[in-house]
Amino acid sequence: MSTPPIRLAVFASGEGTNLENIIRYFSSAPTIEVALVVSNRPEAKALERARCHGIPCKVVNRTVLAEDEATVIALLHDIDYIILAGFLLRIPTYLIDAFPQRIINIHPSLLPKYGGKGMYGHHVHEAVCAAGEKESGITIHFVTEGIDEGEPIAQFSTPLIPGSETPDTIADKIHRLEQAHFPEVIARIATIHREA
């Protein structure tokens, strides 16, 4: 009897480029599958991307996520890992407790720099640019109650040229790191889970 695949739920709020990359990466993987996509925004492009791949989708708004524990837990009853790919709502404590060390986020800086409340997306790149940093990068980490305070799983950096970068050029460099590394790190963590 074959072992069932590890099932991922990907949470995304926006365009879904990281989601698309994750879906494509695991599309031919026999041991890991993207089983569900969740968004807090019904108009999110991420949902359209998921539907194009035949992946079930669910819209869970801020109120439901924060207050309707039973509904959310039921939705995720057969999920092994939650992957945050540009999801902009805070993950409630009950979900962190239900998925200990099994909720993974990607942050567009080298944490602990440029993390915390209000630090997401372009806000991060603007801050990095304004500070004249010589490098930036991504941090893939487990989710805890503290914003961007969970245990780091992996970091990848890219050099910057102070005075020559803009938030947009930094965003492009960070996006390339995300595309290159996020799915591989998810696969590594999920495989460790399977073998444990």
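# Working chat on strand β5, helix α1 and selected residues

Q: Where does H107 lie in this predicted model?
A: H107 lies in strand β5. The model is a predicted one.

Q: Buried or exposed, that H107?
A: H107 counts as buried, because its relative accessibility is 2%, and the cut-off for buried is under 20%.

Q: Which residues does H107 touch, leaving out those up to four places away in sequence?
A: H107 touches Y114, G115, M119, V124, G137, I138, T139, H141 and D148.

Q: And what separates the C-alpha atoms of H107 and A85?
A: A separation of 9.0 Å is computed between those C-alpha atoms, and the two residues are 22 apart along the chain.

Q: Staying in the strand, where is N105?
A: N105 is also placed in β5, which covers residues 103–107.

Q: What about N105, buried or exposed?
A: N105 is buried, as its relative accessible area is 12%.

Q: What does N105 touch, again not counting residues up to four places away?
A: The contacts of N105 are L84, T139, I140, H141, V143, D148 and F182. Among them, T139, H141 and D148 are also touched by H107.

Q: Y114 came up as a contact of H107. Where is Y114 placed?
A: Y114 is in the loop between β5 and α6. Its phi is positive, about 60 degrees, although Y114 is not a glycine.

Q: Which peptide bond is cis around P112?
A: The bond from L111 to P112 is cis, and its omega is near 10 degrees. P112 is found in the loop between β5 and α6, the latter spanning 122–130.

Q: What is the phi of Q101?
A: Phi of Q101 is near 55 degrees, a positive value in a residue other than glycine. Q101 belongs to the loop between α5 (93–98) and β5. With a relative accessible area of 40%, Q101 is partly exposed.

Q: Changing topic to the helices, how do α1 and α2 cross?
A: The axes of α1 (residues 17–26) and α2 (residues 45–52) come within 9 Å and cross at roughly 20 degrees. The two helices are therefore roughly parallel to each other, since angles under 35 degrees count as such. The crossing is right-handed.

Q: Which residues meet there?
A: From α1, T17, L19, E20 and I23 meet A46, R49 and A50 of α2. By class, this contact has four nonpolar, one polar and two charged residues.

Q: Why is α1 described as largely enclosed?
A: Seven of its ten residues are buried, so α1 is largely enclosed by the rest of the structure. The buried residues of α1 are N18, L19, E20, N21, I22, I23 and F26. Among them, L19, E20 and I23 also meet α2.

Q: What does N21 touch, leaving aside neighbours within four places in sequence?
A: N21, which is placed in α1, is in contact with E178, Q179 and P183. N21 counts as buried at 18% relative accessibility.

Q: How many disulfides does the search of the whole structure find?
A: The search finds zero disulfides. C52 is in no disulfide, and the nearest cysteine sulfur, that of C57, is 9.5 Å away. C57 is likewise in no disulfide, with the sulfur of C52 as its nearest at 9.5 Å.

Q: Why does that distance rule out a disulfide for C52 and C57?
A: A disulfide needs a pair of cysteine sulfur atoms within 2.5 Å, whereas the sulfur atoms of C52 and C57 are 9.5 Å apart.

Q: And C52, buried or exposed?
A: C52 is exposed, with a relative accessible area of 66%. C57 counts as partly exposed at 24% relative accessibility.

Q: Which residues does L36 touch, not counting those up to four places away?
A: L36 touches L8, A9, V10, I55, P56, C57, K58, L75, L76 and I79. One of these is C57, the partly exposed cysteine.

Q: Where is L36 found?
A: L36 is found in strand β2, residues 32–39. L36 counts as buried, at 8% relative accessibility.

Q: What separates the C-alpha atoms of L36 and I55?
A: They are separated by 6.1 Å, with L36 and I55 being 19 residues apart along the chain.

Terms used:
Residues are numbered from 1 along each chain as its sequence is written. This is a predicted model: local features need pLDDT of at least 70, side-chain atom pairs count only at pLDDT 80 or more; totals for chains, interfaces and linings use all residues. Side-chain values use heavy atoms; hydrogens and water are left out. Helices (H or I, at least four residues) and strands (E, at least two) are DSSP runs, numbered from the N terminus. Buried means under 20% relative accessible area, exposed over 50%, partly exposed in between (1.4 Å probe, protein chains only). Contact means heavy atoms within 4.5 Å. Axes are lines fitted to C-alpha atoms, for helices over the stretch in contact, and angles run from 0 to 180 degrees between N-to-C directions. Angles under 35 degrees count as roughly parallel, over 145 as roughly antiparallel, 65 to 115 as roughly perpendicular and the rest as oblique. A crossing is left-handed if the near helix is turned anticlockwise from the far one by less than a right angle, and right-handed if clockwise. Ala, Val, Leu, Ile, Met, Phe, Trp, Tyr, Cys and Pro count as nonpolar, Asp, Glu, Lys and Arg as charged, and the others, Gly among them, as polar.
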